[in-house]
Structure formats: structure tokens, C-alpha cells
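Reader: I should like to examine this model step by step, beginning with its overall layout. Please give the reasoning with each reply.

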Amino acid sequence: MKPSLQPGVASTAHVAIDRERTIDFMGDKARVYATPALVRDIEVACRELLLQHLDAGEDSVGTRVELDHTGATLMGMKVELQITIAEVAGRSVTFDVSGSDGIDAVCKCRHQRFVVDVAKTEQRLAAKAQKAGLA
């Protein structure tokens with residue numbers, strides 16, 4: 001991890017709400033941003049911010065998401081996610097995220113990611129696959 005990985009580091013991500021990101025169970029007139037898609041977009045945005053402050057061979061995995069999905073965003077709208085690193089504790093990084101679609105607040109979120117060594121993670125997963133009979 002680079003010394004630049006500090007609380008207060010921030011970025012903004014923009015997400016276009018396309019059909020794949022919307023719910024379908026209430027019909028086409030009620031296609032809005034699905035919570036699982038919002039969670040994925042938050043994880044991706046936080047990871048992208050974090051990657052700028054990691055060394056070669058490092059990446060991160062999500063370990064916790066606390067999300068209030070507070071506004072319905074229509075298909076075709078855009079969401080702006082404001083991401084701020086709230087805390088760095090060893091390899092654990094906590095993010096505060098807020099989102100808006102330009103009309104309503106969409107979400108408030110606290111997300112944690114854990115910085116991993118990719119090669120060591122691959123070795124650990126290969127050992128688990130071996131134990132599970134998947135190798």
C-alpha cells in the first residue's frame with residue numbers, strides 16, 4: 001500500500017442506470033435502480049479508488065456493506081457516487097459513500113474492503129479448491 005492511502009482521500013463515480021441495473025418484477029413502468037446493482041456499483045467504485053493507492057500485486061476484496069437505499073432512480077438517469085476513505089486500519093479500508101441522481105438522494109453507505117496480495121490469495125484459493133475437490 002502506498003503512503004497516499006489515507007482517510008479523506010475522495011473520488012466521484014458516475015453510473016448510467018441502464019436496463020441491466022434495474023428491477024423487473026414490477027413491470028417496465030417501475031424499472032428503477034436495483035439494490036444489488038447499487039451494491040455492486042459501490043464496490044466497483046471503491047475498489048477503483050483504492051487501486052490508485054495500492055502497490056503492484058495488490059488488490060482488494062469487499063468484506064462489509066451497510067447500505068441505506070433511500071431513493072428510486074429511474075432507468076435512463078445517472079447516479080453520482082461520492083466516495084471518501086473514512087478509515088485505514090492495517091489492510092482494512094473503510095469508505096463512506098453517498099449517492100444522488102440529481103433529484104433525490106439515492107443512498108448512504110459504509111463499505112469495507114481488505115487489501116490482499118493477489119499471488120498469496122490465488123495460492124490460498126487453490127489450496128481450498130484442492131480440499132473441496134474442485135482442482
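Reader: Which pattern does the protein chain follow when read along the sequence?

Author: The model is a predicted one. Its secondary structure comes to 2 helices and 5 strands. Read along the sequence, these elements give the pattern β-α-β-β-β-β-α.

Reader: How many disulfides does a search of the whole structure find?

Author: A disulfide requires two cysteine sulfur atoms within 2.5 Å. The sulfur of Cys107 has its closest cysteine sulfur in Cys109, 6.5 Å away, and therefore cannot form a bond. Cys109 is likewise in no disulfide. The number of disulfides found is 0.

Reader: Is Cys109 buried or exposed?

Author: The cut-off for a buried residue is a relative accessible area under 20%. The relative accessibility of Cys109 is 6%, so Cys109 counts as buried.

Reader: Which element gives the most residues to the largest nonpolar core?

Author: That core has 28 residues, and Tyr33, Ile42, Leu81, Ile83, Phe95 and Val97 have the most contacts inside it. The elements that give two or more residues are β1 (10-16), α1 (35-51), β3 (78-89), β4 (92-100) and β5 (105-117). With 7 residues, the element that gives the most is α1.

Reader: What percentage of the contacts in the protein chain with a separation of 6 or more comes from residues 24 or more positions apart?

Author: Ile83 offers an example of contacts beyond four places in sequence: among the residues that Ile83 touches are Val9, Ala10, Ala45 and Leu49. For the protein chain, the share of contacts with a separation of 6 or more that joins residues 24 or more positions apart is 67%.

Note on methods: Residues are numbered from 1 along each chain as its sequence is written. This is a predicted model: local features need pLDDT of at least 70, side-chain atom pairs count only at pLDDT 80 or more; totals for chains, interfaces and linings use all residues. Side-chain values use heavy atoms; hydrogens and water are left out. Buried means under 20% relative accessible area, exposed over 50%, partly exposed in between (1.4 Å probe, protein chains only). A nonpolar core is a set of buried Ala, Val, Leu, Ile, Met, Phe, Trp, Tyr and Cys residues joined through side-chain atoms within 4.5 Å. Helices (H or I, at least four residues) and strands (E, at least two) are DSSP runs, numbered from the N terminus. Contact means heavy atoms within 4.5 Å.
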